[in-house]
Amino acid sequence: MNKPLRRISLFCGLLVLALLIRTNWLQYVQAEDLSTRKENRRVQIAQYATERGNIIVGGQPVTGSAVTDGSDFKFKRTYIDGPLWAPVTGYASQAFGSTQLEKIDDGILTGNDDRLFFDRTIGMFTGEKKQGGNVITTLNANAQKAAFTALGNKKGAVAAIDPRTGAILALASTPSYDPSTFAGNSKNDEKAWRELNDSADKNLVNRALRETYPPGSTFKVVTTAAALEHGVITDINTPTDTPEPYILPGTKTPMVNHATGCEKATLNYALQVSCNSVFANVGDKVGRDGMVETAQKFGFNSTIDTPVRAFASVYDKTMGKDGNALSSIGQFNTAATPLQMAMVTAAIANDGKLMKPYMVEQLTAPNLDTIEKHEPQEMSRPLSAANAQKVQQMMVNVVEHGTGTTAKINGVTVGGKTGTAQHGEKNAKRPYAWFISYAELPDRTSPVAVAVVIEDSAVQDREDITGGGLAAPVAKAVMEAVLKNKG
């Protein structure tokens with residue numbers, strides 16, 4: 001063979017080798033990535049070729065499927081009481097993807113999860129259509145409806161937890177949205193999506209998990225726990241050494257109180273009427289590092305997966321003494337989600353044991369066999385049982401005799417704490433109204449801990465924006481809804 005032919009043969013051989021390498025690379029290395037790319041329409045067609053499994057609340061589905069007209073996507077998602085459950089389910093849209101449980105458990109709901117391989121294989125022989133599995137939630141339908149109804153046209157959120165297990169009983173956020181309005185891929189779906197996505201009201205945001213707010217005076221229960229755990233306070237009914245006025249450490253700035261009788265007030269009385277000076281003083285004595293330690297045991301500075309991920313609540317690790325004093329009353333850089341403050345309340349109600357919050361009880365196959373079942377997990381011990389019971393006593397006092405009397409429930413022990421959180425430059429914006437609480441039946445079980453934040457309401461006079469006036473009645477409605485099923 002002459003030299004030119006050898007060169008051509010070698011070149012052709014290299015081309016064939018490159019083609020073989022490329023083909024094998026695509027088939028064995030990049031196959032999964034290519035098959036799951038959103039640009040691969042065949043994957044999307046297959047995803048919507050069968051009905052999705054359902055998300056279940058109290059034994060009843062809150063989702064469904066419907067045939068899509070004029071599309072190669074056969075089925076689209078439907079929702080029962082969509083605005084009520086959207087903060088839990090998220091959405092599944094042919095055009096805009098999915099969020100929250102719809103996204104996290106997409107494999108189960110579509111039937112594509114590897115744990116459903118046996119069901120799919122049997123279906124190939126029996127001729128049965130592929131089916132999706134189901135997501136069984138921990139939600140209490142009555143509590144969710146009570147939260148949503150009580151929030152009404154207010155902008156805010158509610159998180160309710162069973163303190164004994166960490167099971168999330170309610171997760172409401174308003175204003176909400178109906179995921180059915182953009183579940184397809186028509187022009188109407190696109191219009192509905194754009195309106196929601198561009199709205200200043202942030203309807204698509206789950207405020208209970210994905211918004212942080214200054215917690216205001218509700219954070220004083222964390223400061224109380226820190227003071228007890230670090231030995232700064234041993235007797236909640238002994239006068240503190242708080243002067244009036246109390247000057248923030250390292251400054252000439254006096255701490256403003258909106259209550260009377262705060263000078264040298266006991267911790268118990270200070271929580272009852274919400275003395276800023278006492279808790280700023282106590283937080284300073286605990287110190288920044290001690291406050292950070294206790295806050296983090298309650299879950300601050302960490303993301304929480306429910307399995308939907310909640311934003312991390314914040315207690316600043318680097319601030320000075322004046323910042324720590326302000327943070328001890330829930331201001332400065334302190335920020336919390338409603339879920340976080342429900343966790344704080346749940347740990348106190350559960351005698352100091354914080355259970356990891358979760359909203360999925362189990363995943364089931366189409367034939368209802370259990371694929372995965374959640375087991376309650378202890379997350380931390382922010383405070384001892386003895387100290388937790390002291391804080392319980394103080395929170396009950398708030399509801400019985402202090403700022404939280406609107407949360408009273410006849411025949412039920414209710415502990416709570418109000419909060420009115422200032423925010424904006426020079427605190428110029430309308431304050432947030434908070435209320436955290438727990439309810440306890442006569443047999444001393446604690447079936448529910450609740451956190452409520454009202455971000456905005458129809459109240460015109462900012463002096464009328466209070467945790468006791470706006471948020472406590474919402475918490476009461478949720479607690480009553482849970483207790484009605486437990487009593």
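Two strands count as paired if DSSP finds at least two bridges between them. Helices (H or I, at least four residues) and strands (E, at least two) are DSSP runs, numbered from the N terminus. This is a predicted model, where local features need pLDDT of at least 70, side-chain atom pairs count only at pLDDT 80 or more, and totals for chains, interfaces and linings use all residues. Residues are numbered from 1 along each chain as its sequence is written, and side-chain values use heavy atoms, with hydrogens and water left out.

**Exercise 1. Work out the strand order of the sheet that contains β1 and β7, and find its edges.**

Step 1. Lay out the order: β2-β1-β7-β13-β14, an open sheet of 5 strands with mixed pairing.

Step 2. Look for strands that pair on one side only: these edge strands are β2 (60-61) and β14 (370-373).

Step 3. Zoom in on one pair. Strand β1 (residues 55-57) and strand β7 (residues 134-137) run parallel and are joined by 2 bridges. I56 sits opposite I136 in β7.

**Exercise 2. Describe the sheet that contains β17 and β18, then say which helices pack on it.**

Step 1. The order here is β9-β8-β18-β17-β16, an open sheet of 5 strands with antiparallel pairing. Its edge strands are β9 (168-174) and β16 (413-421), each pairing on one side only. From one strand to the next, the twist averages 10° (axes are lines fitted to C-alpha atoms, for helices over the stretch in contact, and angles run from 0 to 180 degrees between N-to-C directions).

Step 2. Check a pair: 7 bridges tie β17 (residues 432-440) to β18 (residues 448-456), and the two run antiparallel. Within it, I436 stands opposite A451 in β18.

Step 3. Add the helices, taking contact as heavy atoms within 4.5 Å. Helix α8 (residues 141-151) packs on the sheet and touches β8 (155-161), β9 and β18, with its direction at about 25° to that of β9. Helix α17 (residues 385-401) also packs on the sheet, touching β16 and β17, and its direction makes about 75° with that of β16.

**Exercise 3. Decide whether α4 is buried or exposed.**

Step 1. Set the cut-offs: buried is under 20% relative accessible area, exposed is over 50%, and partly exposed is in between (1.4 Å probe, protein chains only).

Step 2. Count: 7 of the 8 residues of α4 (residues 82-89) are buried, so the helix is largely enclosed by the rest of the structure. Those buried are G82, L84, W85, A86, P87, V88 and T89.

Step 3. Find the neighbours. The buried residues pack against β1, β3 (63-67), β4 (75-79), α5 (100-104), α8 and β9. Just after α4, G90 has a positive phi of about 75°.

**Exercise 4. Find the disulfide and describe its surroundings.**

Step 1. Searching the whole structure gives 1 disulfide (a pair of cysteine sulfur atoms within 2.5 Å). The disulfide joins C262 to C275, S to S 2.1 Å.

Step 2. Place the two ends: C262 lies in the loop between α11 (220-229) and α12 (267-273), and C275 in the loop between α12 and α13 (276-286), 13 residues apart.

Step 3. Read the torsion: about the S-S bond of C262 and C275 it is about -85°, so this disulfide is left-handed.

Step 4. Check burial. C262 is buried at a relative accessible area of 3%, and C275 is buried at 0%.
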